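Biologist: I am new to this structure and would like to go through it step by step. Could you show it to me before we begin?

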Amino acid sequence: MAKAPRHGPYICGIDAALDVVSGKWKGLILWELDAHGVRRFAELRRGLPGVSEKMLTQHLREMEEDGLVHREVYAQVPPRVEYSLTEHGHTLNQALEPLGAWGSERTRREGFGVVDVAETSHG
């Protein structure tokens, strides 16, 4: 089943923005790349506990297509691939900060557990 293209038409700006960050992992990929600058695939995977290789690959491709993530391939053996945020990705991450603050407040208010990513990543 082919996935519908993410190019509108949109009802409003929130609709267009959510289309680009839809999915559980995209916001977390933005956060991880913003926090660390440049990450290799395995580093991203370690920093996002629970993400499958397939899902991470799919989201990175979509985010690259949407101009949020830059993929740099180094011609060496074995090949090295690094991911970083584009300026467009940085501005989206900044726009998501108030939403993150709202989520943190909700987590605190409701007493939800939070994953300690320091324990799950090696960076």
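Biologist: Which element gives the largest share of the lining of the largest pocket?

Modeller: This is a predicted model, in which local features need pLDDT of at least 70 and side-chain atom pairs count only at pLDDT 80 or more, while totals for chains, interfaces and linings use all residues. Residues are numbered from 1 along each chain as its sequence is written, and side-chain values use heavy atoms, with hydrogens and water left out. A pocket here is an open set of points on a 1 Å grid over the protein atoms alone, where a 1.4 Å probe fits, with protein on both sides within 12 Å along at least five of seven lines, and lining residues have an atom within 4 Å of a point. The largest share of the lining, ten residues, comes from α5.

Biologist: How much space lies in the largest pocket, and which residues are the closest to its centre?

Modeller: A volume is the space filled by probe spheres set on the grid points, which are joined across faces, edges and corners, and for the largest pocket this comes to about 1000 Å³. Of the 27 residues that line the largest pocket, the closest to its centre are Gly27, Leu28, Trp31, Gly100 and Ser104.

Biologist: Which elements give two or more residues to the lining of the largest pocket?

Modeller: Helices (H or I, at least four residues) and strands (E, at least two) are DSSP runs, numbered from the N terminus. With that numbering, the elements that give two or more residues to this lining are α1 (13–21), α2 (26–36) and α5 (87–110).

Biologist: Why are the buried residues of α2 on the same side of the helix?

Modeller: Buried means under 20% relative accessible area, exposed over 50% and partly exposed in between, with a 1.4 Å probe and protein chains only. In α2, the buried residues are Lys26, Ile29, Leu30, Glu32 and Leu33. The directions from the helix axis to their C-beta atoms define the arc, and they are on the same side of α2 because that arc around the axis is only 165°.

Biologist: Which strands stand at the edges of the open sheet?

Modeller: Two strands pair if DSSP finds at least two bridges between them, and the open sheet has three strands in the order β1-β3-β2, with antiparallel pairing. Each edge strand has a single partner strand, so one side of each is left without a neighbour in the sheet; these strands are β1 (38–40) and β2.

Biologist: How many bridges join β1 to β3, and over how many do β2 and β3 pair?

Modeller: Both pairings are antiparallel, and each brings a residue opposite Glu82 in β3, namely Arg40 and Glu72. The bridges that join β1 to β3 are three, while strand β2 (residues 69–74) and strand β3 (residues 80–85) pair over six.

Biologist: Where is the cis peptide bond, and what is its omega?

Modeller: A hairpin of five residues joins β2 to β3, and Pro78 is found in the loop between these strands. The cis peptide bond joins Val77 and Pro78, with omega about -10°.

Biologist: Is Thr57 buried or partly exposed?

Modeller: Thr57 lies in helix α4 (residues 53–65), and its C-alpha is 8.5 Å from that of Phe41, although the two are 16 residues apart in sequence. Because the relative accessible area of Thr57 is 23%, this residue counts as partly exposed.
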